[in-house]
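Here is a short report on one protein structure. Look over the sequence and the model first, then read on.

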Amino acid sequence: MSVHSNSLLSPALWAVLLPLAAACLSLLYGRLPRRGRFLLLGTAPVASALFAAILVRGVLAGSSHEIRLVRLMPDVYLSLRVDAAGALFGLSVAVLWSFIFVFSVGYLRDDRYAGRYHTFSMLCLAGLMGVAYAGDLITFLAFYELFSIMSYALIVHEGTSSAIAAARKYIVYIAAGGSLLVMGGALAFSASGAADFAAGGVLGPGTPPTTATGAALLLIAGFGVKAALFPLHGWVADAHPAAPAPFSAALSGVMVAAGTFGIVRVVYEVVGARWLAVLAIDRGLAAVAAFTAISAAVVAIKQDDLKRRLAYSTVSQMAYITLGASLLAPGPLTGALVHITNHASMKGCLFLCAGLLARNAGITRVSQMGGIARRFPVTMAAFTLSALALIGIPPLAGFVSKWVLGYGMLDAGAGGYLVVLLGGAALAAVYLLPVVRIAYLGEPSEEREGSLAPARPGNEAAPSMLAPIVALTAITALLGIAAFADGSALSLARLAAESLAGSR
Amino acid sequence: MPVEVWDIRPALAPMVSFVCALLVFIGGSRAGWRRFWSMSAALLKFIIVASMLPGTVGGVAYTFRFAEFAPGIGIGFRADALGMAFATVSSLLWVVATVYSIGYMKGERSLGRFFGFFALCVSATVALALAENLLTLFIFYEVLTISAYPLVVHDETPEALRAGRTYFTYTLTGGGVILLGIAMTYVVSDGVLAFGHNGIVPPDTTPAVLAILFVMLTLGFGVKAAIMPLHGWLPRAMVAPTPVSALLHAVAVVKAGAFGVVRTVHDVFGVELLRQTWLPDALAYLAAFTIIAASVMALLQDNLKRRLAYSTVSQLSYVLLGIALLNPWAAVAAVVHIANQAVQKVTMFFAAGAIQRTTGKTNISEMSGIGRRMPATMGAFGVAALGFTGMPLLAGFISKWHMSVGGFDSGMWWVALVMAASALLNAAYWFPMLYLAFFKPVSEEPTLGEARPSLLYPTLVCAVLVILLGLVSDLPGMPLSIARTAVAQAFGM
């Protein structure tokens with residue numbers, strides 16, 4: 001690890017700063033020319049993605065770096081650091097955000113608060129990029145709180161009574177979670193005198209067990225709110241249907257995952273795997289995650305609202321990641337980390353499809369979807385492929401994560417959790433395949449057919465909405481097919497897991 | 001211990017605004033002169049105070065003593081780190097508040113009186129911040145009490161006069177108790193009242209005397225620091241014009257009380273002596289109670305300025321709690337919170353005043369869509385609100401983090417819980433307002449109409465300060481670094 005000589009040259013810094021600049025720029029949204037403003041704002045996520053790609057290349061080539069921007073307090077810096085896990089997460093965020101931005105241009109075309117949407121969306125992107133590259137717990141918390149709190153504005157965006165209620169619920173959960181995090185962070189800092197992320201954790205062997213327990217539980221519970229761990233998942237199912245579709249995609253794709261990413265950092269670089277094993281918190285966490293994975297999938301089956309069903313699916317999928325992280329071995333951790341990326345692509349696409357159907361056909365419920373594939377062939381093809389990937393059909397992205405996760409579980413001597421993995425996959429089939437069946441084989445309702453323009457090629461949706469869906473589907477396929485190639489997401493995840501969990 | 005260097009500046013700084021007050025009283029009927037004197041005095045004073053900062057950082061305490069009337073009794077000034085922390089904030093915010101007041105008070109009557117007493121208040125505040133001994137501190141503390149009265153009753157409405165009476169009843173009683181305490185200290189310490197020795201009460205004082213002395217001084221100063229149940233005057237005094245509420249009731253007057261408690265703990269008793277007694281624990285519990293109870297009261301207020309007042313009551317007790325824990329981390333939180341709370345609260349008061357002057361609205365429930373009408377003003381308000389909820393990289397987080405770490409360090413877990421509860425309560429009473437202002441659907445879209453520049457720019461400057469105090473507060477000369485110097489001296493580190 002090298003300290004960068006000139007921090008202004010760090011791509012990590014610019015990947016965070018550009019979205020912030022775009023957020024400031026979109027304050028002037030109404031005064032910018034109509035076409036120019038999309039190019040101008042769109043530059044931020046795309047450039048962030050490019051910087052993230054440069055960082056990934058660097059990490060794969062074995063270089064990593066750290067910059068200290070400013071000393072906030074004695075022994076506490078605002079610092080950025082690029083490691084394999086962060087590079088992978090950062091790239092996933094920026095790429096997904098680029099597609100989401102394009103989609104939002106079409107989705108918000110007639111929205112009079114589009115400027116406000118883009119301001120807060122760019123702030124969230126800056127926060128997430130900061131989370132990916134945060135070099136210590138304080139920097140992590142700073143960016144984490146930034147996107148968590150700014151998300152409120154995007155959930156409440158549509159201003160309906162359900163959006164207002166969902167946003168209120170969200171902010172209560174998130175504020176409470178944030179308080180737990182600061183308490184846990186202060187406790188860990190008080191015990192160790194360091195806020196930096198360090199391999200093996202910062203808590204020394206002489207730490208009193210009660211302190212270690214307190215810090216671990218507070219930090220894991222704090223991130224667990226965002227990661228939607230049972231019983232802290234209450235906000236997820238309300239926030240997703242209420243938010244505008246591009247933001248639902250971001251929320252499910254990378255924001256909930258940021259919570260699991262936080263748990264990974266806490267487990268391996270703050271509290272340390274050794275302490276977790278000594279205190280048996282790893283076993284408790286695994287049990288909670290396993291329960292969440294199965295029970296959320298069961299609940300998803302009963303949901304008629306499409307976005308709500310997908311939201312419960314997210315709760316279930318995120319629990320896999322927590323489960324993989326809690327087993328304290330490189331194998332399952334690899335599966336967990338690569339699943340963050342794969343899930344972002346699959347679930348992002350599914351939510352964009354749901355958003356497209358809602359905006360162009362007014363369809364929000366599964367029961368309204370009868371025969372909709374004839375009217376929206378490309379959308380439903382993308383939906384089907386992403387759904388199959390999520391269930392775990394080879395050779396798509398979801399299969400890769402589950403294969404690696406499952407293999408890692410056997411390797412780590414935790415084969416019992418394979419039941420959870422297979423059960424979850426079976427349940428995913430039960431809640432996703434009926435959607436596909438209804439869309440292709442169901443009977444269309446009379447009134448809907450009357451209100452919709454007849455299907456013609458090119459009449460399905462605006463290109464700005466269709467293109468991201470197609471692109472994400474292609475990425476989902478690629479993440480599966482090319483998983484074992486050099487420089488794939490999987491190879492990066494393996495590298496990350498080795499450095500996080502291998503050094504125990 | 002800092003090196004004492006003889007220098008006129010600690011006496012000169014309060015003198016500048018005292019002269020300004022005189023000039024305004026004499027020639028203040030003309031608006032042009034009034035503005036000129038107020039602005040130039042504010043700037044000059046800030047420059048004088050700031051010019052002492054490098055010395056403070058370098059471990060120098062500039063000292064200036066006038067002749068003593070009797071052994072140990074005299075007027076003296078000494079710019080140690082703790083005093084400089086308070087003086088810097090007051091004099092900086094005075095510059096901003098002067099610009100704001102000129103804009104806000106335009107067209108009001110009795111402006112000569114207003115700006116004269118305004119300057120006098122700040123003169124007294126800096127004087128008591130830089131006081132070298134307990135008596136000097138007390139004299140200027142009382143000057144501040146008296147010269148704030150004409151500002152509280154400025155509107156001369158029956159409500160304002162009633163509030164002024166309440167204010168006097170509380171603060172003069174508190175002042176009397178402090179004076180008794182000082183007399184007792186003088187007897188106990190055998191004629192020593194000067195600060196700078198980490199305690200002037202001798203260690204062999206009997207516990208009963210210690211207890212009586214501690215209660216008298218902390219509760220006497222606690223009146224202005226609005227510790228519950230002595231807070232009654234503060235919400236009522238909010239009838240004053242908004243710049244007065246901002247500068248005096250969020251910075252000078254209330255902070256003078258909190259500052260008095262800090263001096264009492266660090267310089268009258270000393271950390272070492274108090275550690276052997278139960279007294280600081282009692283103060284800590286009372287402060288913790290105030291933090292929570294006042295926040296709950298704030299939740300119940302609809303009038304924006306009253307909500308701000310109860311929030312001030314709650315935030316002031318951060319200072320008292322931090323100082324009572326007798327832990328270096330918590331003590332840093334206490335001292336740095338003097339600056340952090342001041343900047344955040346002034347931002348909010350300025351925004352509230354800008355809204356009142358621009359739209360005539362004073363109740364939160366009327367403020368739907370105000371953020372779409374005045375986005376910059378409410379944006380500044382939002383930054384301060386997030387600061388109070390302890391969002392990292394904003395001022396409030398620095399205080400909250402230090403306090404929580406201090407609590408854990410001294411084995412008191414409940415401190416972090418109080419901090420968390422307070423942050424959540426702050427979110428509970430500020431976030432709904434941001435929702436109303438920015439996100440609540442309104443039937444008629446408000447047209448853009450910001451406050452006039454003299455109200456808007458001071459508000460924005462303060463919001464930028466909130467961010468700077470969260471981001472670069474550790475740079476030499478910034479509040480966190482001064483606070484750490486002050487605490488290192490008090491704890492003999």
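## The second cavity

Start inside chain B. Helix H10 (242–269) and helix H20 (479–490) of chain B each give at least two residues to the lining of the second largest cavity. Helices here are DSSP runs of H or I with at least four residues, strands are runs of E with at least two, and both are numbered from the N terminus. A cavity is found on a 1 Å grid over the protein atoms alone: it is a set of points where a 1.4 Å probe fits but cannot get out, and lining residues have an atom within 4 Å of a point.

This second largest cavity holds about 100 Å³ of space. Grid points are joined across faces, edges and corners, and the volume is the space filled by probe spheres set on the points. Its lining counts 14 residues, and Asp80(B), Asp267(B), Ala486(B), Gln489(B) and Ala490(B) lie nearest the centre. By class, 5 of the lining residues are nonpolar, 5 polar and 4 charged. Nonpolar covers Ala, Val, Leu, Ile, Met, Phe, Trp, Tyr, Cys and Pro; charged covers Asp, Glu, Lys and Arg; the others, Gly among them, are polar.

## How the model is read

The model is predicted: local features need pLDDT of at least 70, side-chain atom pairs count only at pLDDT 80 or more, and totals for chains, interfaces and linings use all residues. Residues are numbered from 1 along each chain as its sequence is written, chains are lettered from A and ligands numbered from 1 in the order in which they are written, and side-chain values use heavy atoms, with hydrogens and water left out.

## The largest cavity

How many cavities of 30 Å³ or more are there? The count comes to 7. The largest has a volume of about 150 Å³. Its lining has 17 residues, and the closest to its centre are Glu145(A), Ile149(A), Ala175(A), Thr389(B) and Lys400(B).

Three helices give two or more residues to this lining: H5 (137–155) and H6 (161–192) of chain A, and H18 (413–439) of chain B. H6(A) supplies the largest share, 6 residues. The lining of the largest cavity has 11 nonpolar, 4 polar and 2 charged residues.

## The two chains

Chain A has 20 helices and 3 strands. Its C-alpha atoms fill a box of roughly 70 × 55 × 45 Å along the principal axes. The radius of gyration of chain A, taken over C-alpha atoms, is 21 Å, which agrees with the value near 23 Å for a compact globule of 504 residues. The globule rule is 2.2 Å times the number of residues to the power 0.38. Of the 504 residues in chain A, 64% are buried. Buried means under 20% relative accessible area, exposed means over 50%, and partly exposed is in between, with a 1.4 Å probe and protein chains only.

Chain B also has its tally: 20 helices and 3 strands. Its C-alpha trace spans about 70 × 55 × 45 Å along the principal axes. With 493 residues, a compact globule would have a radius of gyration near 23 Å, and the 21 Å of chain B agrees. Buried residues make up 66% of the 493 residues in chain B.

## Aromatic pairs

Over all chains there are 38 aromatic pairs. Rings of Phe, Tyr and Trp (its six-membered ring) pair if their centres lie within 6.5 Å; planes under 30 degrees apart are stacked, over 60 edge-to-face, and the rest tilted. Phe103(A) and Tyr107(A) are stacked, at 5.8 Å centre to centre and 25 degrees between the planes. Both lie in helix H3 (residues 84–107) of chain A, 4 residues apart, about one turn of the helix. Both are buried.

Phe381(B) and Trp430(B) are edge-to-face, at 5.5 Å centre to centre and 80 degrees between the planes. This pair links distant parts of the chain: Phe381(B) is in helix H16 (residues 375–388) of chain B and Trp430(B) in helix H18 of chain B, 49 residues apart. Phe381(B) counts as buried because its relative accessibility is 0%. Trp430(B) is also buried, at 0% relative accessible area. In chain A, ring pairs link Phe89(A), Phe140(A), Tyr144(A), Phe147(A), Phe197(A), Phe223(A) and Phe261(A) into a cluster.

## Charges over rings

The charged end of Arg9(B) sits over the ring of Tyr62(B), 4.6 Å from its centre. The charged end of Lys224(B) sits over the ring of Tyr141(B), 3.8 Å from its centre. The rule asks for NZ of Lys or CZ of Arg within 6 Å of the ring centre and within 35 degrees of the ring normal.

Technical notes: On a 1 Å grid over the protein atoms alone, a cavity is a set of points where a 1.4 Å probe fits but cannot get out, and a pocket is an open set with protein on both sides within 12 Å along at least five of seven lines; lining residues have an atom within 4 Å of a point.
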